[in-house]
Amino acid sequence: MAKRYWLFKSEPTTYSVDDLAKEPDQTDYWDGVRNYQARNMLRDDIKKGDEVLFYHSRTKVPGIVGICSVARSGYPDTAAFDPDSKYFDPKSSPDNPRWYMVDVKLKKKLPEIISLTDLKAMPGLENMAVTRKGSRLSIQPVTQEEWKVIMTRSKGMK
DNA sequence: GCCAACGTTGGC
DNA sequence: GCCAACGTTGGC
(Lines give C-alpha, C1' and ligand atoms only; values in the text may rest on other atoms or scores of the structure.)
Protein backbone atom coordinates (compact mmCIF):
# COMPACT_ATOMS: atom_id res chain seq x y z
CA MET A 1 0.00 0.00 0.00
CA ALA A 2 1.38 3.35 -0.99
CA LYS A 3 1.85 5.92 1.72
CA ARG A 4 -1.23 7.97 2.46
CA TYR A 5 -1.79 11.38 3.98
CA TRP A 6 -4.15 12.54 6.71
CA LEU A 7 -5.17 15.52 8.77
CA PHE A 8 -5.81 15.06 12.51
CA LYS A 9 -7.65 17.73 14.47
CA SER A 10 -7.10 18.44 18.12
CA GLU A 11 -8.13 21.19 20.46
CA PRO A 12 -4.89 22.61 21.84
CA THR A 13 -6.47 22.99 25.29
CA THR A 14 -6.94 19.21 25.25
CA TYR A 15 -3.80 18.16 23.39
CA SER A 16 -1.50 20.47 21.48
CA VAL A 17 1.47 20.04 19.19
CA ASP A 18 3.63 21.21 22.10
CA ASP A 19 2.28 18.38 24.24
CA LEU A 20 3.36 15.92 21.56
CA ALA A 21 6.77 17.61 21.35
CA LYS A 22 7.31 16.93 25.06
CA GLU A 23 6.73 13.18 24.76
CA PRO A 24 9.65 10.77 24.75
CA ASP A 25 10.72 10.27 21.15
CA GLN A 26 8.02 12.86 20.36
CA THR A 27 5.62 9.96 19.98
CA ASP A 28 2.18 9.46 21.54
CA TYR A 29 -1.08 7.68 20.97
CA TRP A 30 -4.01 9.54 19.42
CA ASP A 31 -6.96 8.46 21.54
CA GLY A 32 -10.46 9.73 22.12
CA VAL A 33 -11.81 9.67 18.58
CA ARG A 34 -15.50 8.88 18.99
CA ASN A 35 -16.87 9.17 15.50
CA TYR A 36 -17.54 6.15 13.33
CA GLN A 37 -16.27 7.55 10.05
CA ALA A 38 -13.02 8.57 11.72
CA ARG A 39 -12.89 5.25 13.58
CA ASN A 40 -13.08 3.32 10.32
CA MET A 41 -10.10 5.20 8.94
CA LEU A 42 -8.09 4.66 12.13
CA ARG A 43 -8.92 0.97 12.13
CA ASP A 44 -8.65 0.15 8.44
CA ASP A 45 -6.74 2.75 6.49
CA ILE A 46 -4.16 4.60 8.56
CA LYS A 47 -0.90 2.66 8.48
CA LYS A 48 2.56 3.00 9.94
CA GLY A 49 4.58 5.29 7.72
CA ASP A 50 1.63 7.42 6.61
CA GLU A 51 2.01 11.13 7.14
CA VAL A 52 -0.21 13.43 9.16
CA LEU A 53 -0.94 17.14 9.42
CA PHE A 54 -1.49 18.20 13.04
CA TYR A 55 -4.34 20.73 13.11
CA HIS A 56 -5.44 22.92 16.00
CA SER A 57 -9.18 23.49 16.16
CA ARG A 58 -11.47 25.49 18.42
CA THR A 59 -8.81 28.05 19.15
CA LYS A 60 -8.15 31.68 18.37
CA VAL A 61 -6.28 30.92 15.14
CA PRO A 62 -7.10 27.42 13.91
CA GLY A 63 -4.71 25.79 11.44
CA ILE A 64 -1.92 23.36 10.73
CA VAL A 65 0.85 23.45 13.31
CA GLY A 66 2.94 20.33 12.69
CA ILE A 67 3.90 17.42 10.50
CA CYS A 68 3.77 13.90 11.93
CA SER A 69 4.17 10.35 10.79
CA VAL A 70 2.19 7.33 11.90
CA ALA A 71 4.37 5.26 14.25
CA ARG A 72 1.85 2.47 14.77
CA SER A 73 -1.14 1.36 12.71
CA GLY A 74 -4.64 1.22 14.20
CA TYR A 75 -5.19 -0.69 17.44
CA PRO A 76 -7.96 -0.62 20.06
CA ASP A 77 -8.37 2.63 22.01
CA THR A 78 -7.72 1.56 25.59
CA ALA A 79 -9.18 4.78 27.01
CA ALA A 80 -12.60 3.39 26.09
CA PHE A 81 -12.05 0.58 28.64
CA ASP A 82 -11.11 2.91 31.50
CA PRO A 83 -14.07 4.00 33.66
CA ASP A 84 -12.04 6.95 34.91
CA SER A 85 -11.33 8.26 31.42
CA LYS A 86 -13.52 10.89 29.87
CA TYR A 87 -13.34 8.71 26.75
CA PHE A 88 -14.80 5.70 28.58
CA ASP A 89 -17.41 3.80 26.58
CA PRO A 90 -19.11 0.88 28.37
CA LYS A 91 -20.12 -0.52 25.01
CA SER A 92 -16.49 -1.06 24.04
CA SER A 93 -14.59 -4.04 25.46
CA PRO A 94 -11.17 -5.58 24.82
CA ASP A 95 -12.94 -8.56 23.26
CA ASN A 96 -15.02 -6.37 21.01
CA PRO A 97 -13.42 -2.93 20.77
CA ARG A 98 -15.53 -0.19 19.34
CA TRP A 99 -12.90 2.53 19.09
CA TYR A 100 -9.41 2.62 17.65
CA MET A 101 -6.32 4.80 17.80
CA VAL A 102 -2.90 5.09 16.17
CA ASP A 103 0.46 6.33 17.40
CA VAL A 104 1.91 9.47 15.88
CA LYS A 105 5.43 10.84 15.95
CA LEU A 106 6.10 14.53 15.54
CA LYS A 107 8.51 15.09 12.66
CA LYS A 108 8.41 18.85 12.60
CA LYS A 109 6.62 21.61 14.41
CA LEU A 110 6.02 24.37 11.87
CA PRO A 111 7.82 27.63 12.65
CA GLU A 112 4.49 29.33 12.14
CA ILE A 113 0.91 28.15 11.83
CA ILE A 114 -0.68 27.68 8.41
CA SER A 115 -3.99 29.17 9.42
CA LEU A 116 -7.36 28.07 8.19
CA THR A 117 -7.64 31.44 6.49
CA ASP A 118 -4.41 30.69 4.60
CA LEU A 119 -5.58 27.20 3.68
CA LYS A 120 -8.79 28.58 2.24
CA ALA A 121 -6.82 31.02 0.09
CA MET A 122 -4.31 28.48 -1.25
CA PRO A 123 -5.05 27.12 -4.74
CA GLY A 124 -5.55 23.36 -4.80
CA LEU A 125 -7.03 23.01 -1.33
CA GLU A 126 -10.62 23.89 -2.21
CA ASN A 127 -11.78 20.31 -1.78
CA MET A 128 -10.16 19.65 1.57
CA ALA A 129 -12.73 18.81 4.20
CA VAL A 130 -11.12 21.21 6.64
CA THR A 131 -11.68 24.21 4.35
CA ARG A 132 -15.35 23.37 3.90
CA LYS A 133 -17.98 24.80 6.18
CA GLY A 134 -19.53 22.51 8.71
CA SER A 135 -17.01 19.71 8.39
CA ARG A 136 -16.60 18.20 11.83
CA LEU A 137 -14.62 15.13 10.89
CA SER A 138 -11.59 15.01 13.18
CA ILE A 139 -9.65 12.57 11.00
CA GLN A 140 -9.59 13.43 7.33
CA PRO A 141 -7.85 12.03 4.25
CA VAL A 142 -5.51 14.39 2.40
CA THR A 143 -4.60 13.82 -1.26
CA GLN A 144 -1.00 13.71 -2.44
CA GLU A 145 -1.61 16.90 -4.41
CA GLU A 146 -2.94 18.70 -1.35
CA TRP A 147 -0.02 17.40 0.69
CA LYS A 148 2.45 18.80 -1.85
CA VAL A 149 0.80 22.20 -1.78
CA ILE A 150 1.06 22.33 2.00
CA MET A 151 4.66 21.07 2.05
CA THR A 152 5.63 23.75 -0.44
CA ARG A 153 4.03 26.36 1.77
CA SER A 154 5.78 25.07 4.89
CA LYS A 155 9.16 25.09 3.18
CA GLY A 156 8.72 28.76 2.38
CA MET A 157 8.84 29.53 6.11
CA LYS A 158 11.81 30.65 8.02
C1' DG B 1 -19.26 32.84 24.51
C1' DC B 2 -22.48 32.27 20.69
C1' DC B 3 -24.80 29.47 17.67
C1' DA B 4 -25.22 26.91 13.24
C1' DA B 5 -24.12 22.58 11.55
C1' DC B 6 -23.56 18.10 12.40
C1' DG B 7 -23.79 13.13 14.39
C1' DT B 8 -26.09 10.13 17.64
C1' DT B 9 -29.80 8.45 20.36
C1' DG B 10 -34.10 6.60 21.38
C1' DG B 11 -39.24 6.63 21.25
C1' DC B 12 -42.55 5.32 18.29
C1' DG C 1 -36.82 2.88 9.83
C1' DC C 2 -38.12 7.60 10.71
C1' DC C 3 -37.10 11.78 12.78
C1' DA C 4 -37.24 15.00 16.84
C1' DA C 5 -34.45 15.91 20.59
C1' DC C 6 -30.19 16.21 22.29
C1' DG C 7 -25.16 16.82 22.84
C1' DT C 8 -20.93 18.19 20.52
C1' DT C 9 -17.98 20.56 17.29
C1' DG C 10 -15.64 24.41 15.74
C1' DG C 11 -15.42 28.96 13.31
C1' DC C 12 -16.19 33.38 14.46
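**Close-up 1. Polar contacts to the phosphates of DNA strand C in the predicted model.** A polar side-chain atom of Tyr55 is placed 2.8 Å from a phosphate oxygen of DNA strand C, and a polar side-chain atom of Lys120 lies 3.4 Å from a phosphate oxygen of that strand. Arg136 takes part through its backbone, one polar atom of which is 2.9 Å from a phosphate oxygen of DNA strand C.

**Close-up 2. The protein surface around DNA strand C.** The residues around this strand are Lys9, Tyr55, Ser57, Arg58, Pro62, Leu116, Lys120, Ser135 and Arg136, and by class they comprise 3 nonpolar, 2 polar and 4 charged residues. Among the atoms of DNA strand C that lie within 4 Å of the protein, 56% are part of sugar or phosphate, while the rest belong to bases.

**Close-up 3. The protein surface around DNA strand B.** Asn35, Tyr36, Lys133, Gly134 and Arg136 surround DNA strand B, and of the atoms of this strand that come within 4 Å of the protein, sugar and phosphate account for 59%. The residues of this surface divide into 1 nonpolar, 2 polar and 2 charged. Arg136 is listed around DNA strand B and also appears among the residues around DNA strand C.

**Close-up 4. Thr131 in the loop between helix 3 and strand 6.** The loop that holds Thr131 runs between helix 3 (116-121) and strand 6 (139-142). Thr131 counts as buried because its relative accessibility is 13%, which falls under the 20% cut-off. The side chain of Thr131 reaches the backbone oxygen of Met128 at 2.9 Å. Leaving aside residues up to four places away in sequence, Thr131 touches Leu116, Leu119, Lys120, Leu125 and Glu126. Of these contacts of Thr131, which include Leu116 and Lys120, those two residues are also found around DNA strand C.

**Close-up 5. The largest pocket and its lining.** This pocket has a volume of about 660 Å³, and of the 19 residues that line the pocket, Lys9, Ser10, Gly32, Tyr87 and Ser138 are the closest to its centre. Strand 1 (5-10) and strand 2 (27-30) are the elements that give two or more residues to the lining, and strand 2 gives the most, with 3 residues. By class, the lining is made up of 5 nonpolar, 6 polar and 8 charged residues. Lys9, one of the residues closest to the centre of the largest pocket, is also listed around DNA strand C.

Notes: Residues numbered from 1 in each chain as written. Chains lettered and ligands numbered in written order. Predicted model: local features only at pLDDT ≥ 70, side-chain atom pairs only at ≥ 80, totals over all residues. Heavy atoms only, no water. Near = heavy atom within 4 Å. Polar contact = N/O pair within 3.5 Å; in protein donor to acceptor, adjacent residues only side chain to side chain. Nonpolar A, V, L, I, M, F, W, Y, C, P; charged D, E, K, R; others polar. Helix = DSSP H or I, 4+ residues; strand = E, 2+ residues; numbered from the N terminus. Buried < 20%, exposed > 50% of the residue type's maximum accessible area, 1.4 Å probe, protein only. Contact = heavy atoms within 4.5 Å. 1 Å grid on protein atoms, 1.4 Å probe; cavity = no way out; pocket = protein on both sides within 12 Å on 5 of 7 lines; lining within 4 Å. Points joined across faces, edges and corners; volume = space filled by probe spheres on them.
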